[in-house]
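I have a fresh model open today and a page to fill. I will jot down what I look up as I go.

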Amino acid sequence: MKKTIHLLVNLVSGNNKGNKEFSLIRQKLKENHINTTTSISKYPGQITDLAKDAAEKYGKLPYHYLLVIGGDGSLNQALNGVKKSQNPNTPIGYFPAGTGNDFARATKLSHQIKQLVSHIKVGPKTYKIDCGHYIDNNSGKDNYFVNNLGIGFDAFIVHLANNSSMKKKLNDLHIGSMIYVLHTFKVLQKQDTFSTSVKVNGNWHHFSNTYFVTTTNHPYFGGGVALLPNASIHNHKLDTVVVEKVSNIKFLFLLAKLFINGSHVNDPHFHYYEAEKLTVKTSNPEYGQLDGEELQNQNYNLNFEISSFNLWA
């Protein structure tokens with residue numbers, strides 16, 4: 001039976017990088033006589049519905065494959081659409097075309113169209129990959145994530161980066177992840193502190209001077225920054241990192257350690273917990289980000305647990 005690739009596309013990801021990659025991928029698939037269908041996102045969040053519909057229509061059919069072309073936010077939407085469909089185990093393929101592309105970095109997923117087409121021709125292999133799942137105890141809503149959910153400093157950077165006029169220019173120069181670095185210094189001046197409580201293995205840990213708290217599925221955030229070098233996308237655990245406020249000079253010193261050798265994890269203001277389930281509560285409305293997409297400025301009360309999904313490559 002002939003293979004069919006169902007493309008779920010975010011054309012504007014990576015400041016239109018998604019559009020460029022989509023055109024090249026579609027042409028290469030056509031040259032190799034591989035059938036395709038295309039669903040293009042026309043508004044923010046639509047890939048969730050497109051993926052849900054595709055999973056319910058094609059999820060149990062042999063030789064039918066879903067392929068997301070976009071950034072990590074697009075993959076997040078597709079994951080949530082598939083997970084909330086009638087066929088939640090439908091494998092998802094992913095071609096990274098965003099700004100940060102941290103999930104591809106964590107999974108060593110190829111950025112090469114030639115390799116993608118080669119895998120499709122010989123028959124994609126499916127791998128079970130860790131992802132995170134959380135329930136918002138304030139709203140009752142739940143969601144999945146492939147990278148991390150951050151509150152405070154990192155989310156403030158995401159907010160500024162996503163609304164920056166510099167983002168397109170840096171993406172055009174193929175250094176899009178630099179947008180996060182450029183906004184780090186601005187956030188240093190503006191980010192406030194807040195109280196955080198983390199529950200791990202039945203025990204609560206309280207912090208009154210939190211700068212940011214991030215629950216992550218792997219080491220990377222912000223386009224390749226290894227926040228927690230020992231985290232793994234394959235160990236069936238989530239990690240919650242709490243960083244307490246220090247002076248700006250000390251914080252820049254910690255950032256230098258982060259980039260140089262990862263020894264920032266040994267600082268007494270850096271705390272992390274690894275478990276299959278965690279709870280995070282914060283005080284004061286703060287910026288939040290989920291896989292690089294902004295969350296509502298709010299107080300957070302979140303129950304996290306490790307989950308998984310099927311990735312084909």
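**Entry 1: a hairpin**

Which residue takes a positive phi in the hairpin of β15 and β16? I went to the two residues between the strands and found D291, with a positive phi near 50 degrees. I keep in mind that this is a predicted model.

Most residues other than glycine have a negative phi. D291 is not a glycine, yet its phi is positive, at about 50 degrees. I placed D291 in the loop between β15 (286–290) and β16 (293–298).

Is D291 buried or exposed? I looked up its relative accessibility, which is 4%, so D291 counts as buried.

I then checked how the two strands of the hairpin run. β15 and β16 are antiparallel and joined by four bridges. Beside the turn, I noted L290 opposite E293 in β16.

**Entry 2: the other partner of β15**

I followed β15 to strand β7 (residues 148–152), and these two also run antiparallel, with three bridges between them. I picked out one pair here: G150 has Q289 of β15 as its bridge partner.

Why is β15 largely enclosed by the rest of the structure? I noted that four of its five residues are buried, so the strand is largely enclosed.

**Entry 3: another positive phi**

I turned next to K108, which is not a glycine either and has a positive phi of about 55 degrees. I found K108 in the loop between α4 (102–107) and α5 (113–122). Its relative accessible area is 74%, so K108 is exposed. I wrote D291 beside it for contrast, since D291 is buried.

**Entry 4: S197 and its strand**

I looked up S197 and found it in strand β8 (residues 194–200). Its relative accessibility is 17%; buried means under 20%, so S197 counts as buried.

What does the side chain of S197 make a polar contact with? I found the side chain of H206, at 2.7 Å. Beyond neighbours within four places in sequence, I listed the contacts of S197 as W204, H205, H206, T279, V280 and K281.

I then looked at strand pairing. β8 pairs with strand β14 (residues 277–282) in the antiparallel sense, over five bridges. V280, which I had just listed as a contact of S197, is the bridge partner of V198.

From β14 I went on to β17, and this pairing is antiparallel over five bridges too. I noted L278 with its bridge partner F304 in β17.

**Entry 5: nonpolar cores**

Which residues touch the most other members of the largest nonpolar core? I found L8, L79, I92, Y94, F103, F309 and L311, out of 26 residues in that core. I listed the elements that each supply at least two residues: α2 (46–58), β3 (64–70), α3 (72–83), β4 (92–96), α4, β5 (126–136) and β17 (301–312). α2 gives the most, with six residues.

Apart from this core I found another, of 21 residues, with Y211, V225, A231 and V246 among them.

Back in the largest core, I picked L311 for a closer look. Leaving out residues up to four places away in sequence, L311 touches I92, Y94, F103, L109, K125, T126, Y127 and I129.

**Entry 6: rings**

How many aromatic pairs does the structure hold? I read off twelve. I opened the pair of Y94 and F103: the ring centres are 6.1 Å apart and the planes stand at 65 degrees, so the pair is edge-to-face. Y94 and F103 are both buried.

I also traced a cluster in which ring pairs link F153, Y211, F212 and F251. Y211 had already come up as one of the residues of the 21-residue core.

One charge over a ring went into the notes as well: R105 lies over the face of Y220, 6.0 Å from the ring centre.

**Entry 7: the start of the chain**

I ended with K2, in the segment before β1 (4–9). Its relative accessibility is 49%, so K2 counts as partly exposed.

What does K2 touch, apart from residues up to four places away in sequence? I found H33, N35 and Y63. A polar atom of the K2 side chain lies 3.3 Å from the backbone oxygen of H33.

For a last look I went across to F304, the partner of L278 from Entry 4. K2 and F304 are 302 residues apart in sequence and, C-alpha to C-alpha, 40 Å apart in space.

Note on methods: Residues are numbered from 1 along each chain as its sequence is written. This is a predicted model: local features need pLDDT of at least 70, side-chain atom pairs count only at pLDDT 80 or more; totals for chains, interfaces and linings use all residues. Side-chain values use heavy atoms; hydrogens and water are left out. Buried means under 20% relative accessible area, exposed over 50%, partly exposed in between (1.4 Å probe, protein chains only). A polar contact is a pair of N or O atoms within 3.5 Å; within protein, one must be able to donate a hydrogen and the other to accept it, and residues adjacent in sequence count only if both atoms are side-chain atoms. Contact means heavy atoms within 4.5 Å. A nonpolar core is a set of buried Ala, Val, Leu, Ile, Met, Phe, Trp, Tyr and Cys residues joined through side-chain atoms within 4.5 Å. Two strands pair if DSSP finds at least two bridges between them. Rings of Phe, Tyr and Trp (its six-membered ring) pair if their centres lie within 6.5 Å; planes under 30 degrees apart count as stacked, over 60 as edge-to-face and the rest as tilted. A charge sits over a ring if NZ of Lys or CZ of Arg is within 6 Å of the ring centre and within 35 degrees of the ring normal.
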